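The report below describes a single protein chain, going from individual residues to the packing of helices and then to the chain as a whole. Please keep the sequence and the model at hand while reading.

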Amino acid sequence: MIKLVMGLKGTGKTKELISTVNSVAKTAEGSVICLERDDKLRYEIDPKVRLISTDEYGINDYDMFFGFIGGLRASNYDITEIFVDSITKICRSDNVEELETFLDELEAIADGIDFFITVSVDNNLETPKIQKYLLSTAKENIVTTVLRSSLVFVQAKIGIHYEISPSCL
């Protein structure tokens, strides 16, 4: 299963990733991996999680990143979760078509592995292909807050949709 959290910088995607990875690490029966571009999460991620800096491996596009994930799978059959912080920074591209292709390819090899991926792009760029992976539509038990224009949309598992004007905040 692939879960995607999408939003602009500063909308809490990395905080959600840190919270989720640390929670999963406590109960995971297999290996948990967290991939990021550098090592800024070193002190925030549970030590049971294998934290990998993709810059150390020269990854600079979606094809290289897909191959890297394939190599991780081949070398460790016990992987149950892979967390990716800011895939657009790792792959140095915010091209939505490239992301869609990557997600489709990843879904084909994701058997038995849950992926949690943050994407630093404007939510207005979400396409029908990307929507099927969005965490806010994945019926997960979390609340996602996303800033769009002058409104704050809050989506919850129960499907209630609130629109709050900034003047109310």
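## A buried serine and its surroundings

Ser86, at 7% relative accessibility, counts as buried, where buried means under 20% relative accessible area, exposed means over 50%, and partly exposed lies in between, with a 1.4 Å probe and protein chains only. This is a predicted model, in which local features need pLDDT of at least 70 and side-chain atom pairs count only at pLDDT 80 or more, while totals for chains, interfaces and linings use all residues. Residues are numbered from 1 along each chain as its sequence is written, and side-chain values use heavy atoms, with hydrogens and water left out.

Ser86 belongs to the loop between S4 and helix H3 (87-90); helices (H or I, at least four residues) and strands (E, at least two) are DSSP runs, numbered from the N terminus. Although Ser86 is not a glycine, its phi is positive, at about 60°. Most residues other than glycine have a negative phi. Arg92, another residue that is not glycine, has a positive phi near 55°, and this residue is found in the loop between H3 and H4. With a relative accessibility of 41%, Arg92 counts as partly exposed.

## Three buried residues

Which residues does Val84 touch, if those up to four places away in sequence are not counted? They are Leu17, Leu35, Phe65, Ile90, Phe116, Ile117 and Thr118, where contact means heavy atoms within 4.5 Å. Val84 itself is part of strand S4 (residues 79-84), and its C-alpha atom is separated by 8.5 Å from that of Ile33, a residue 51 residues apart from Val84 along the chain.

Val21 is placed in helix H1 (residues 13-27), and, leaving out residues up to four places away in sequence, Val21 touches Val32, Ile45, Val49 and Phe83. Leu106 lies in helix H4, and with the residues up to four places away again left out, its contacts are Ile2, Phe66, Ile69, Phe115 and Ile117.

The table gives the accessibility of these residues, together with one C-alpha separation for each.

| Residue | Relative accessibility | Partner | Separation in sequence | C-alpha to C-alpha distance |
|---|---|---|---|---|
| Val84 | 0%, buried | Ile33 | 51 residues | 8.5 Å |
| Val21 | 0%, buried | Ile45 | 24 residues | 7.2 Å |
| Leu106 | 0%, buried | Met1 | 105 residues | 9.6 Å |

## The packing of H2 and H4

Leu106 also takes part in a contact between two helices. The axes of helix H2 (residues 62-75) and helix H4 (residues 96-109) come within 10 Å and cross at roughly 15°; axes are lines fitted to C-alpha atoms, for helices over the stretch in contact, and angles run from 0 to 180 degrees between N-to-C directions. H2 and H4 are therefore roughly parallel to each other, a term for angles under 35 degrees, with those over 145 counted as roughly antiparallel, 65 to 115 as roughly perpendicular and the rest as oblique.

On the H2 side the contact is made by Tyr62, Phe65, Phe66, Ile69 and Arg73, and on the H4 side by Glu98, Leu99, Phe102, Glu105, Leu106 and Ile109. Sorted by class, the contact has eight nonpolar, no polar and three charged residues, where Ala, Val, Leu, Ile, Met, Phe, Trp, Tyr, Cys and Pro count as nonpolar, Asp, Glu, Lys and Arg as charged, and the others, Gly among them, as polar.

## The chain as a whole

The secondary structure of the protein chain comes to five helices and eight strands, which follow the pattern β-α-β-β-α-β-α-α-β-α-β-β-β along the sequence. Of the 169 residues of the chain, 41% count as buried. Among contacts in the chain with a separation of 6 or more, 63% are accounted for by residues 24 or more positions apart.
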